[in-house]
Amino acid sequence: MGKRTQGWEWRVAGWAARHPGFVAAPAAVATTMAQLGPVTTGGVAAGVLAAGVGWYRGHPDSWAAVAAPQLRALRRRWLSRAYLGRWWSRVTEECGLVTVNRRTGFVNVPRIVRIRSHSPSTETVYVRLLLGQTVKLWEEAAEALAVGLNAERVGVERVRSQVIALIVQRSEPFTEVIVPPEIAADADATSLANVYLGETEHDTDWSAPLIGQHWLVSGATGSGKNSVTWMALRACAPLIRDGLVRVHVVNPKGTELNALRPVSYRYAETDRDIVEVVAGFWETMQARKKTLAEQGRRTFELSRETPLDLLLIDELGAVTGYGDRSLTKGVQSVLPLILSQARALGGSVIGALQEPTKDVIPQRDLFSLRVCLRATSAGHVDMVLGDDMRRRGALADEIPNVADSAGIGFVVKQRSRTPMRVRAAYCDDSDIAELVRVAGWPHTELTTAGR
Ligand SMILES: Nc1ncnc2c1ncn2[C@@H]1O[C@H](COP(=O)(O)OP(=O)(O)OP(=O)(O)O)[C@@H](O)[C@H]1O
C-alpha cells in the first residue's frame, strides 16, 4: 500500500488553528483598511514601527531581553528553512524520527510546538513526540539532527510527557582569547560596582558588581575557572595597594593562587590554616558589624577603616564537601554565616568549584553571580545556574574539552532570567605578575596564616 496523506484542505485548516496569528494579523489589517482607510492604517503601522525603533534605541537592554528573543524566534521559525514544513519533514525522516502508520500508510511527522531564542547563538525548539517515540530515540539522533539543521550541536531534553526541547546551538561566538584591559593606575579609576570580566555572546562587555556580592564559578578541570578570579583581582589591584581591599586566600590545592601570597592579607593551604582563615574572616565581619553600629551606619562604605574583605576559595568542594572531616566541619560552621551576612558588612566571597553537587554548594542562591564553565554532566548546569537553565540554552556540558574553549561558559541574566554565553578574559603569567606588582605594597600588618 502506498503512503497516504491527509487532504490539503484539512491540513490548511489544522495549521491555521495551530497558528491563529497568521489568520488574525491579515484579518486585523484588512478590517482596519476597510474601517479606517489605507492612510490611517499606514499611519498606525508607521507608528508601531517608530515605537519599535524608539524602544530599540532608547532602552537596548529591555529590547534585548523582551523583544529581540521574540523576533529572533519568529525569524528562525518562519524565515529560515530549517523548521519549515518540507525541510523539517525531510530532516526528521532522514534521521528516522517520523513514523508510518502500518495500516493506512500515513506518515506522521513530529510537530514543532514552539520555538524560543533567548540568545543569537542558540534556539530552543519544543517538539511533540509521536506515539511510540522515546526521548532516547531523539538523543541518539541528535548528531544527525545537528547536521540536518546546519547547527553546531543539538541537545535534547524532556520537558513533560510527550514534549521534548531541542536546544540548537548555531554558532560559537568566541573564537579568540580575550585580552584583559590595563590595570587602572588609581584606586579612584576602579569601580568595584562594575568589574570587567570578559565578553558576552551579544558582543558586549561582561561585567558584574563585586562589592556586596558573592560569586560562584563552576567548571571541570582545565575549564579556566581562575580567569574570573584573576579578573576580579585585576580590578582590585590598586585598591589592594591602597589598603581598600584585603584578600583572604584559601588555596587547598596549593596551585596557581599561590602567586597571591605576597599580596594576601591572609593565606592558607593546609586544613588547619584554612579553618583559621575562614573563621578569622567571620570574626572580621563580626567586628565590622560592631564598627558600623558604633558609627551609626547601617551600610558599609569602602574606606581604609572599613575595607572590602574578599575571601577567595579555590576549591569549594574540598573545603565544604569531600575534604577531611575536621576541615569541612570547621568551614561549614562559619561559611553559611559569612554567605548570608557578610555582604552588607563589606565581605565578598568568590568560590571555585569542580563538581557541583548539592552538598558542596552551600546556599547556592546567596551567590549573586554564578558562572558555569565547561561541565562534565548535564545535571551540573541547573545545579549551578538554577532550574531549567540548560533547557533554555545553557549547554555547558557540551562545551568541547579542548584548550580553545577554556574560559567559555554561561551566566544567567539577572533581569530576564535567561542564560547567556560568556567568555572570561585570560590572564597569562605576565598579567598575573603585573597584578601582583601593582597590588604589592609594604604590608606591615600582614597576619598571613600558614606562612
Ligand atoms: N579565559 C581563558 N581564555 C582562554 N584560555 C584560557 C582561559 N582560562 C584558561 N585558559 C587556558 O586553559 C588552561 C587551563 O586553565 P586553568 O588551569 O586555569 O583551568 P582550571 O579550571 O582552573 O583548572 P583546574 O581546576 O585544573 O585548576 C590554561 O592553561 C590556559 O591555557
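UniProt positions are given in the numbering used here, feature names are shortened, and annotations may be inferred rather than shown by experiment. Residues are numbered from 1 along each chain as its sequence is written. This is a predicted model, where local features need pLDDT of at least 70, side-chain atom pairs count only at pLDDT 80 or more, and totals for chains, interfaces and linings use all residues.

**Exercise 1.** Find where T221 sits, and decide whether T221 is buried or exposed.

*Solution.* Start with the record: the unreviewed UniProt entry annotates G219, A220, T221, G222, S223, G224, K225 and N226 as "binding site". Next, place T221 in the loop between β9 (215–218) and α7 (226–241); helices (H or I, at least four residues) and strands (E, at least two) are DSSP runs, numbered from the N terminus. Now count neighbours, with C-beta atoms placed from the backbone: 20 or more others within 10 Å make a residue buried, 12 or fewer exposed, and anything in between partly exposed. T221 has 10 other C-beta atoms within 10 Å, so T221 is exposed.

**Exercise 2.** Repeat this for G222: which loop holds G222, and what is its class of exposure?

*Solution.* G222 also belongs to the loop between β9 and α7. Because 13 other C-beta atoms lie within 10 Å, G222 is partly exposed.

**Exercise 3.** Name the residues that come nearest to the ligand.

*Solution.* Take the 15 residues around the ligand, where near means a C-beta atom, placed from the backbone, within 6 Å. Of these, T221, G224, A406, G407 and Y426 come nearest.
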